[in-house]
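Visitor: I am new to this structure. Please take me through one part of it closely, and show me how that part sits in the whole.

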Amino acid sequence: DLVADNTDEQPATIRSVVGAPFSHGTLSIDSSRPQAFSGSDIAVLQEMAVDLSEVFHRLEDLQQLAEERQRLAVTLRSIGDCVIAIDAEGRIVLLNRVVETLTGWTQDEWRGRECAEVFTFEQTSLTKILSPVLETGTVLTVVPTPTLKARDSAERLVATSSAPIRDDEGKTIGAV
């Protein structure tokens, strides 16, 4: 009954209307038949309105996330220092353009690779240096000077510091 069959080309007279409010308006259906909708029809319409509200809220959330991601990407590209983020296993999850410029490798080429492939340390391993950051969430401001490896085999000495990356619950999930 959502579409009236009007063979005489005249508009059908609406005799039954049922509506259910949702976050962005009202979802309604009408019929040319009087009392066309049962209680179960109304319940289905109300469920559809609730679901439609959820869809609109999710779309808004996705839009906000996309905007936030864009702002963060612009910020990361604008930082003049090397920025490398790793996960709890020491694999690279992201890096900025400064690192790409210094190494000649792109973020896509580095993503998922061990951080130890980017840095070397003369007297200790990267694991020993990053363990306190990953295990206890300690910020390291004094880190032995590492060598940043470049695609052309050049090695560049860089000053470093390391801080934990925490999730919403405070659990350390990586380092930057």
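Guide: Start with the order of elements. From the N terminus, the chain runs β-β-α-β-β-α-α-β-α-β-β-β-β. That comes to four helices and nine strands. The model is predicted. Its mean pLDDT is 83, and 86% of the residues reach 70 or more. Confidence is highest in α1, at a mean of 92. It is lowest in helix α4 (residues 126–136), at a mean of 70. Of the 176 residues in the chain, 27% are buried. Among contacts with a separation of 6 or more, 39% join residues 24 or more positions apart.

Now for the close look: helix α1 and the strands that go with it. Helix α1 covers residues 39–78, which is 40 residues. At 1.5 Å a residue, the helix should span 58 Å. The C-alpha atoms at its ends are 59 Å apart, so the model agrees with the expected span. Four residues of α1 are buried: L45, A49, S53 and L76. Look at the spacing of the helix positions. An α-helix has 3.6 residues a turn, so residues three or four places apart point the same way. What lies over the buried residues of α1? The cover includes β1 (16–22), β2 (25–31) and β4 (92–95).

Take β1 next. Its side chains alternate. S16, V18, A20 and F22 point to one face and are buried. V17, G19 and P21 point to the other face and are not buried. This follows a general pattern: in a regular strand the side chains alternate between the two faces of the sheet. β1 and β2 form a hairpin, with two residues between them. The two strands pair in the antiparallel sense over seven bridges. One of the partnerships joins P21 to T26 in β2.

F22 leads back to the helix. The chain has two aromatic pairs. In one of them, the ring centres of F22 and F56 are 5.9 Å apart and the planes meet at 35°, so the pair is tilted. The pair links distant parts of the chain, with F22 in strand β1 and F56 in helix α1, 34 residues apart. Are the two partners buried or exposed? F22 has a relative accessible area of 16%, under the 20% cut-off, so F22 is buried. F56 has 29% relative accessibility, so F56 counts as partly exposed.

β4 also helps cover α1, and another contact involves a residue of that strand's range. Q107 lies in helix α3 (residues 107–110). The side chain of Q107 reaches the backbone nitrogen of L95 at 2.9 Å. Leaving aside residues up to four places away in sequence, Q107 touches V93, L94, L95 and E100.

Last, a look further along the chain. Three strands form an open sheet in the order β5-β6-β7, with antiparallel pairing. Its edge strands are β5 (119–120) and β7 (155–157), and each pairs on one side only. β5 pairs with strand β6 (residues 147–149) over two bridges, in the antiparallel sense. There, F119 has L148 of β6 as its bridge partner.

To return to the part you asked about: β1, β2 and β4 are among the elements that cover the buried residues of α1, and the F22 and F56 pair links β1 with the helix.

Terms used
Residues numbered from 1 in each chain as written. Predicted model: local features only at pLDDT ≥ 70, side-chain atom pairs only at ≥ 80, totals over all residues. Heavy atoms only, no water. Expected span 1.5 Å × (residues − 1). Buried < 20%, exposed > 50% of the residue type's maximum accessible area, 1.4 Å probe, protein only. Contact = heavy atoms within 4.5 Å. Polar contact = N/O pair within 3.5 Å; in protein donor to acceptor, adjacent residues only side chain to side chain. pLDDT = per-residue confidence, 0-100. Pairing = 2+ DSSP bridges. Phe/Tyr/Trp six-rings, centres within 6.5 Å; stacked < 30°, edge-to-face > 60°.
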